[in-house]
Number of protein chains: 2
Amino acid sequence: MQSDARGLFDPERIAVVGATERDGAIGRAIMENLERFSGEVVPINPKRDEVFGIQAYTDIESIPDPIDMAVVVVPPQIAVESARTLGENGVKNVVVITAGFGEMGEKGEALERELAEISDEYDLNLVGPNSIGIMSTSADMNASFGPMDALPGSLSFMSQSGAFITAVLDWANDKDIGFNDIVSLGNEAVLDETDFIEFWDEDEDTDVILGYLEGIDNGREFVDTAREVTEETPIVVVKSGRTEAGADAASSHTGTIAGSERAYEAGLEQAGVLRAENVEELFDFARVLAGQPTPEDDEVAVITNAGGPGVMATDTIGDTDLNMAELEDETVEELKEVLPEAANFYNPVDVLGDASVDRFDEAIDIVLQDENVSSAVVISCPTAVVDFEDLAETISSLQDKHGEPVVASLMGGERADVPEQTLREQGIPTYFDPARAVESLESLRTYRDITELEYESPTEFDVDRERAEEILRSVEDRDSDSLGVEAMDLLDAYGIPTPDSAIVNDPGAARDAAEDIEGDVVMKIVSPDILHKSDIGGVKVGVSEADVEETYEELLSVAHDHDANADILGVQVQEMVDMDSGTETIVGMNRDPQFGPMMLFGLGGIFVEVLEDTTVKVAPVSEREAENMIDEIESSPLLRGARGRDPVDESSVVESIQRLSQLVTDFPAISEIDVNPLLASPDGVTAADIRLTVDQDRL
Amino acid sequence: MQSDARGLFDPERIAVVGATERDGAIGRAIMENLERFSGEVVPINPKRDEVFGIQAYTDIESIPDPIDMAVVVVPPQIAVESARTLGENGVKNVVVITAGFGEMGEKGEALERELAEISDEYDLNLVGPNSIGIMSTSADMNASFGPMDALPGSLSFMSQSGAFITAVLDWANDKDIGFNDIVSLGNEAVLDETDFIEFWDEDEDTDVILGYLEGIDNGREFVDTAREVTEETPIVVVKSGRTEAGADAASSHTGTIAGSERAYEAGLEQAGVLRAENVEELFDFARVLAGQPTPEDDEVAVITNAGGPGVMATDTIGDTDLNMAELEDETVEELKEVLPEAANFYNPVDVLGDASVDRFDEAIDIVLQDENVSSAVVISCPTAVVDFEDLAETISSLQDKHGEPVVASLMGGERADVPEQTLREQGIPTYFDPARAVESLESLRTYRDITELEYESPTEFDVDRERAEEILRSVEDRDSDSLGVEAMDLLDAYGIPTPDSAIVNDPGAARDAAEDIEGDVVMKIVSPDILHKSDIGGVKVGVSEADVEETYEELLSVAHDHDANADILGVQVQEMVDMDSGTETIVGMNRDPQFGPMMLFGLGGIFVEVLEDTTVKVAPVSEREAENMIDEIESSPLLRGARGRDPVDESSVVESIQRLSQLVTDFPAISEIDVNPLLASPDGVTAADIRLTVDQDRL
């Protein structure tokens, strides 16, 4: 995004290219919505002198004063021309409402590319095409054709679905949820989600960034940018198209290829983005993040006038990473002084059904003084003696007094409406369901952890990049893009331990190689045409020096019997790796269309194939991320001494993950790679086998 | 519950024991709420001639007409006496509001036991004590001290938290959710959740039974009853105290010991009860179950005027066991005739943002005709051309015309309020969030599956019960309640295959035993005082006939070195079980305080210890339930030929689970049992080791 992008949301003068009074026309809806704009609106319409009583111009050139932002609603071909004219005349901010671009086949795609090129040429901040527009409440600007305005607030919201914005606004207005900026991203020919999170990060009026996303164009860029942004400004996202069926629907809707859900899950987590499951959760999180401080610790106190709802809140605390605070003895003593004998003085604190607001007041005040309490949930069922509005005021002033985050659950219907407003003024969310109150606290906790995380750069290991490139180039002379054991040296070049080994082309060389290796050897046929070597008898284990020559001949004849035309690169003679001396792991990578290289880690064999116990991360991974990959698999105790095993040298595993991550980052030509197994033992790791695919065009 | 329990909810004459006009008294609140009662209210108050202008009586005996139901609000001791007088005078239905019983220490517990005894003596249907009361909208009866009445409806609701009822009512009234009966269960001295599901099953005015439960008193009885009830009447339950923290809070709140969450999860599932996670879900499920038919199949069509929300609905369908319907060619052709070119004619069907209600009408009508479509979700974002109220009427009439279940998502704020009412009249739920609409459809699917399930009785195998009892009685002579390999015969008595084996007490006998067994043998020290035999070298594997005598001596000396005072029962000489010939499984049982015997199944070793991949069910289990236990573990592919293994004889595993289930059902004295490993191979199963604990008092 260009530096003067604030002009998108805070322009003095907006041109509407295609302004009209014609009934049902989008150009009319835009003009109507802009009637409330605090600046000047300049209609452009070659056939009219004025639109809605405002002087109209035939074209951009004829406008005497500088234009900060233009909204374009003319048909696709003309919209492209308009973008150029706007650029030529120094207009930097353009919102293209017009549809019929990338979402409508090849011709539209070509037009959309042209739009992008023009933007590039003239440094345009271009939103859309196929956008319903943008809004800014601070500028009283509704430059969209949506049917309603937004209320003012500190949330900025972007959406890849325009219709969804109208739905959210209708609903949010009803709930008094306000916004700062709203953007309908449309086809994202130029500006995308990454640009806006960057922009809103710098924007003082935005407290929380919200997104409805079906896809992320450049995953890695988004991750890197979001990491910086989330240090100051929380980002909460609903990512749609999570399931296979949903992703199919999203693709047919937007015409883009969806990245895998696993990639999104990993990428958003690495980016420090909070993920909401649905719209309610999106705004639950948004409101509490905008209104409450983050808690210093995870210890929650529950104060309630009814046991059951106290249990419900406690359950949800048990579901999250929050804990039930253990109250200090002093707190319990103080509670005993002010509460009736039948009350519960421990957490959850039950002030009983006959509690007045005063009793609530005393109990909350005492509990919030407790050093062990870092946040609180106040719950009230409707009773004859508690007035929700009074209680709301009490909760607000006690939150203000103590400063710790507080959320509420005033469990009623209409009677909770006004108190809800009162609490909102103090930034305190309230929900009928105690579970939702706790979940909103949990989002504060998650965000605190995000801000406390210091993102480290991936380690740069000293590697032999030239040698690696040479090995990868060896596919150029071959029919297949696949490499097998012949590429073990690739790992060696990047410092991942491999067994002693040589690839030989005659029995004598095989014996020489075996002599150089201590003990018996493993011999494998090396051929890009034979993928499942063991299945056809192409692997011989425990071959003694004496048998090496004979085995060589045997392997060649096995390979020949299997496929007479197979390209035989030779026979690998390899040091025996004692599989029982360690635990088989797998480290791999494949490329996601959006996020690029995704590292995978898991335990080998049944753990990956049957239990699918693996984890992925966007590469390059830092040391901590590599460590986390081990933590994230369920079978990790098997690496850590479970059931009397010797713990493996975890640091070697972590280093291998990072080194492989560096390899795939250095060489985009590696489209897929699997080191399987990477044998992990107390003494370190050894890569026992490898398989990779090379994209020759990217070499 | 006694046969005349309808008198609880449809009495002609209600006595209020403790009626008063005193401000703030519960007896006053009850009288006020009963003012709207359609029948006659009779106050009982020894000090007053009348209460609220109604003639009062000093005691039950003096009331001339028969009383159908009595509400008791007098202090605990007097409440107990009143219950007796009520019984003596033929009053069968009693609601005890009074608190201060089981929840308040030993004295209260004694009084509560007395209440139960009196109920037993006089066949009373007694609700409470410590209940806020009961309600029946069909009788205009609010016999509670809650602050509001319920709206009429077909949901009957029971709750173990009284305050929660007041919260739910306040909220439900605001949302126009109506009830038939409502019961605050209180301490459940007599009537409990099982009684009420049975009662409401017979009740024509109840379409759906709802419960807020923190515990279930007699789990097995609840499971058996609920199974019958759910065939006709859906039961939806929020079970609170799910997590450890929540269960602790529930215990301190109700004073009862909580069963484990795993037991509840298994029990409720076996009972055919739908479990809601929170209040919103409880009523989401309730409304759709009360309003819509169950779908014949799982194929859902989505009709939307916006792509994004269509993706959201599709995502949720992907999350559930529902599928996106594949529309017939004919349907697609018909849609092409009525929808614009840019529309999506496949599922999700996108009628586009400019769709009028007429276009919606045509599209929904065409889609619901499709034989592949068994239910539909209609989604609309707010636009200038669609009127939600018209759309609601269209959806209602089309649901009525086609008969398939339909749910809606009218995505707006206030504008959706009246249309929501319109849809509700046709029993169609609508939600802002498309995900919730889909989830409500999913609950219909789940309920359909429950009704289609034929519950089978557990198989009764021909077993040697006397022999088993004899083996169990052998603990009577011992210090310890634990049995080990010496109890292998227990399995034999119940038809679970065990290796050939003998327990011997001298080296010669050991050799004799080994001679009778084919091949080498395993020898184990047998002692209740040595639990981890292998750890101390108390197990010798692959002992040849020649070494048997020497090994015998060696084992005895190892045991003696370990613990000179250990009670040595002998040495077991056992046929070698080749562990590599099959897959280790574990079949076990422990007893839950509420649900009794819980069967456990999983794969042995790391699968149970590291991955905790096990499943539990309430015993006795039927054949299908035993089969399901295998399906439910994630590692089951390892029993079914994954990674080139030979599939094991699953039927033998299933039979062993059932036989062990029969054993633990026959002998409540077995408090815990583990058959670990039960080696499963293609040829059948063999129990290689056993450990159990016997409760001598229950022998």
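**Chain B's open sheet and the two copies**

Biologist: Which helix of chain B lies across β21, β22, β23 and β24, running at about 30° to β22(B)?

Modeller: This is a predicted model, where local features need pLDDT of at least 70 and side-chain atom pairs count only at pLDDT 80 or more, while totals for chains, interfaces and linings use all residues. Residues are numbered from 1 along each chain as its sequence is written, and side-chain values use heavy atoms, with hydrogens and water left out. Helices (H or I, at least four residues) and strands (E, at least two) are DSSP runs numbered from the N terminus; angles run from 0 to 180 degrees between N-to-C directions of lines fitted to C-alpha atoms, for helices over the stretch in contact, with contact meaning heavy atoms within 4.5 Å. The one you want spans residues 548-562 of chain B: helix α20.

Biologist: And in what order do the four strands of that open sheet in chain B come?

Modeller: Pairing takes at least two DSSP bridges between two strands, and here the pairing is antiparallel. β21 (501-504) and β23 (539-543) of chain B each have a single partner strand, so they stand at the edges. The order is β21-β24-β22-β23.

Biologist: What rotation superposes chain A on chain B?

Modeller: The fit is least squares on C-alpha atoms of residues with pLDDT of at least 70 in both copies. The shift along the axis is 0.0 Å and the RMSD 0.1 Å, with a rotation of 180°. The two copies are thus related as by a two-fold rotation axis.

Conventions. Chains are lettered from A and ligands numbered from 1 in the order in which they are written.
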